[in-house]
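Biologist: Hi, could you walk me through this one? I'd like to start with how the helices pack.

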Amino acid sequence: LRAVQPAPKEGAGGSGRPAGMSGGIVPRRFALRFDPPTLVLEFERGGRRFHQIMKIKGLRGDSDAASTVQELRRRFPEYLDLPSIDESQMTSLVQRLVDYLAGGRSPSAAAEGLNTMDLAQVDDLQRTPEDQLEEIKAKMNVGFESNFVGMAHPDFVYDKAVDFGAPEEASEWDD
């Protein structure tokens, strides 16, 4: 996910609504789904968070990202024709999908360059939308796989015991 530029704070006339916001929509960030190719916009409206899922029909490995973004803007003007949404950011995201479809990168490699959400920012994984939960699990799995020492690994020890030394601070937990 990549953060969307913050929306202007207030529109003309002191209405309290962000300038140019259609129906009070405040975009927050984008997400990608590689199969099927989909762009997801997370936004807030009326203090509640929503996701607009935009499937990209007919996207191929030789598609033009800029023209695809224009088509998305035509299909979803309420969500994408907002001053706070950067067209170059959308083009970059769609280009990642095109690269994936061209066979150039795996979803994890294509997502590597994205500014993904920090797990510490997630309040409750039970209430996290399924697409975000999959992303969080994939991110956690990358760290797990890089540290995993299985039975076939040369550093594997069956019953490893580690002495961490004396505690650095007092703790009632293990008294």
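**Helix packing and beyond**

Modeller: Sure! In this predicted model, α1 and α3 pack with their axes 9 Å apart, at an angle of about 115°.

Biologist: So are α1 and α3 roughly parallel or roughly perpendicular to each other?

Modeller: Angles from 65 to 115 degrees count as roughly perpendicular, and α1 and α3 are therefore described that way.

Biologist: And what is the handedness of the crossing where α1 passes α3?

Modeller: That crossing is right-handed.

Biologist: Which residues meet there?

Modeller: From α1 you have A65, A66, T68, V69, Q70, L72 and R73. They meet E87, M90, T91, V94 and Q95 of α3.

Biologist: Let's turn to the largest nonpolar core. Which of its residues touch the most other members?

Modeller: Those are F30, L39, L72 and L80, out of 23 residues in that core. Two or more residues each come from β2 (26-33), β3 (38-45), α1 (65-75), α2 (77-80) and α3 (87-101).

Biologist: Which element gives the largest share?

Modeller: α3 does, with 5 residues. L72, named just now for the core, is also among the α1 residues that meet α3.

Biologist: Nice. Different topic: where does Q52 sit, and is Q52 buried or exposed?

Modeller: Q52 lies in strand β4, which covers residues 48-55. Its relative accessibility is 16%, and buried means under 20%, so Q52 counts as buried.

Biologist: What does the side chain of Q52 pair with in a polar contact?

Modeller: With the side chain of Y79, at 3.3 Å. Leaving aside residues up to four places away in sequence, Q52 touches L39, V40, L41, F43, F76 and Y79. L39 in that list is one of the core residues that touch the most other members.

Biologist: Now the loop between β2 and β3. Which residue is found there?

Modeller: P36 is one of the residues in that loop. The peptide bond leading from D35 to P36 is cis, with omega near -5°.

Biologist: How does that fit with peptide bonds in general?

Modeller: Most peptide bonds are trans.

Biologist: Last one, the big picture: how many helices and strands are there, and in what order?

Modeller: The protein has 5 helices and 4 strands. From the N terminus the order is β-β-β-β-α-α-α-α-α. Of its 175 residues, 31% are buried. Among contacts with a separation of 6 or more, 44% are between residues 24 or more positions apart.

Biologist: Great, thanks!

Notes. Residues numbered from 1 in each chain as written. Predicted model: local features only at pLDDT ≥ 70, side-chain atom pairs only at ≥ 80, totals over all residues. Heavy atoms only, no water. Core = buried A, V, L, I, M, F, W, Y, C linked by side-chain atoms within 4.5 Å. Buried < 20%, exposed > 50% of the residue type's maximum accessible area, 1.4 Å probe, protein only. Polar contact = N/O pair within 3.5 Å; in protein donor to acceptor, adjacent residues only side chain to side chain. Contact = heavy atoms within 4.5 Å. Axes fitted to C-alpha atoms, helices over the stretch in contact; angles between N-to-C directions. Parallel < 35°, antiparallel > 145°, perpendicular 65-115°, else oblique. Left-handed = near helix turned anticlockwise from the far one by under 90°.
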